[in-house]
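Which charged side chains pair up in this model, and where is enclosed space left between the atoms? The report below takes these two topics in turn.

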Amino acid sequence: MLGEISTVFVSHAADILAEQLSGSEIIKFTAAYAVDYGVELPHPTYPFTAPNKRTALFQNLKAFPPQRQYQIIRELCEHATSRGDSPRIIDLKIKLLAQYGHLASENEAGKLDPSLVVEVRHWLDVYPKVQKLYNEAIQKHEHGLFRRNSLDDLRLALEKLTQNLFCNGKSLENQISAIGGFIKANGGSKELANMFEKLVDYFTKYQNTYVKHDDAVPGAEMEFVIEITSSFMKHLVRLGSKT
């Protein structure tokens, strides 16, 4: 159903998140939501009676209604990525936002992940012109103004970043294979490289379709596009700093 997160997705999320989080962290986050929303958990304390972390997280998540499941999974993704990039966590968050973004509360809708924005700004210190474009895009979004210009700035920031990293003047559309090669050359897996190539390809097609006409940009998708682009940029700059 449209208003629910499928059991298969919740199980998938529990599998991935349990690899990155300790048992005590899982209980800490889910118990905090249980207290706030008056939910009885099958595993309210740590150590728990479940056979493993994955089962404990899955069963605790299933105790919540869909909107709270969305909030908890998203918060756990953000907590896990605060320690460093994990391709599986990034992929999970993208799928969560793409498939179930409609479950975000009014307070969450249009509200960017502040830790992600801060991290991207930090990593862009070495590329001040790119950082300026990125900051302008974020400011326009936060003030609810110039939606088209915000996405224009964001696209240009990503394009300028790739030009700096690859020492060329190519458009973003013509950087896709270079992005995949750059990730693999700097220790990234073939799967991650392929995922980034596909996502950047989709991103450029999305921009070309919607950004040409300001009134064609769906407002509910702005946060998703900005966060994906921010994740691209953070990961590329971190890889570039190792060269």
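What follows covers the salt bridges and then one of the cavities.

**Salt bridges**

The model is predicted, and it holds 8 salt bridges. Three of the pairs are set out here, with the distance between nitrogen and oxygen.

| Acidic residue | Basic residue | N to O distance |
|---|---|---|
| Glu19 | Arg88 | 2.7 Å |
| Glu227 | Lys93 | 3.8 Å |
| Glu173 | Arg155 | 2.6 Å |

The salt bridge between Glu19 and Arg88, at 2.7 Å, links distant parts of the chain, since Glu19 belongs to helix 1 (residues 7–20) and Arg88 to helix 5 (residues 87–100), with their positions 69 residues apart in the numbering. Arg88 has a relative accessibility of 40% and therefore counts as partly exposed.

Helix 5 also takes part in the salt bridge that joins Lys93 to Glu227. Because Glu227 lies in helix 11 (residues 222–240) and Lys93 in helix 5, this pair ties together parts of the chain that are 134 residues apart in sequence. Are Glu227 and Lys93 buried or exposed? Both residues are buried, and together with Arg74 they are linked in a network of salt bridges.

In the pair formed by Glu173 and Arg155, the closest N and O atoms are 2.6 Å apart. Glu173 sits in the loop between helix 8 (147–166) and helix 9 (176–185), whereas Arg155 is part of helix 8, and the two residues are 18 residues apart. Their accessibilities fall into separate classes: Glu173, with a relative accessible area of 30%, is partly exposed, while Arg155, at 15% relative accessibility, counts as buried because the limit for that class is under 20%.

**The second largest cavity**

Rolling a probe the size of a water molecule over the atoms shows where empty space is left. A search of the whole structure finds 2 cavities of 30 Å³ or more, and the second largest of them has a volume of about 30 Å³.

Which residues line the second largest cavity? The lining is made up of Ile90, Ile94, Phe196, Ile228, Ser231 and Phe232. Helix 5 and helix 11 each supply at least two residues of this lining, and the largest share, 3 residues, comes from helix 11. By residue class, the lining of the second largest cavity divides into 5 nonpolar residues and 1 polar residue, with no charged residue.

Helix 5 and helix 11 thus appear in both topics, as the helices that hold Lys93 and Glu227 and as contributors to the lining of the second largest cavity.

Methods: Residues are numbered from 1 along each chain as its sequence is written. This is a predicted model: local features need pLDDT of at least 70, side-chain atom pairs count only at pLDDT 80 or more; totals for chains, interfaces and linings use all residues. Side-chain values use heavy atoms; hydrogens and water are left out. A salt bridge is a side-chain nitrogen of Lys or Arg within 4 Å of a carboxyl oxygen of Asp or Glu. Helices (H or I, at least four residues) and strands (E, at least two) are DSSP runs, numbered from the N terminus. Buried means under 20% relative accessible area, exposed over 50%, partly exposed in between (1.4 Å probe, protein chains only). On a 1 Å grid over the protein atoms alone, a cavity is a set of points where a 1.4 Å probe fits but cannot get out, and a pocket is an open set with protein on both sides within 12 Å along at least five of seven lines; lining residues have an atom within 4 Å of a point. Grid points are joined across faces, edges and corners, and a volume is the space filled by probe spheres set on the points. Ala, Val, Leu, Ile, Met, Phe, Trp, Tyr, Cys and Pro count as nonpolar, Asp, Glu, Lys and Arg as charged, and the others, Gly among them, as polar.
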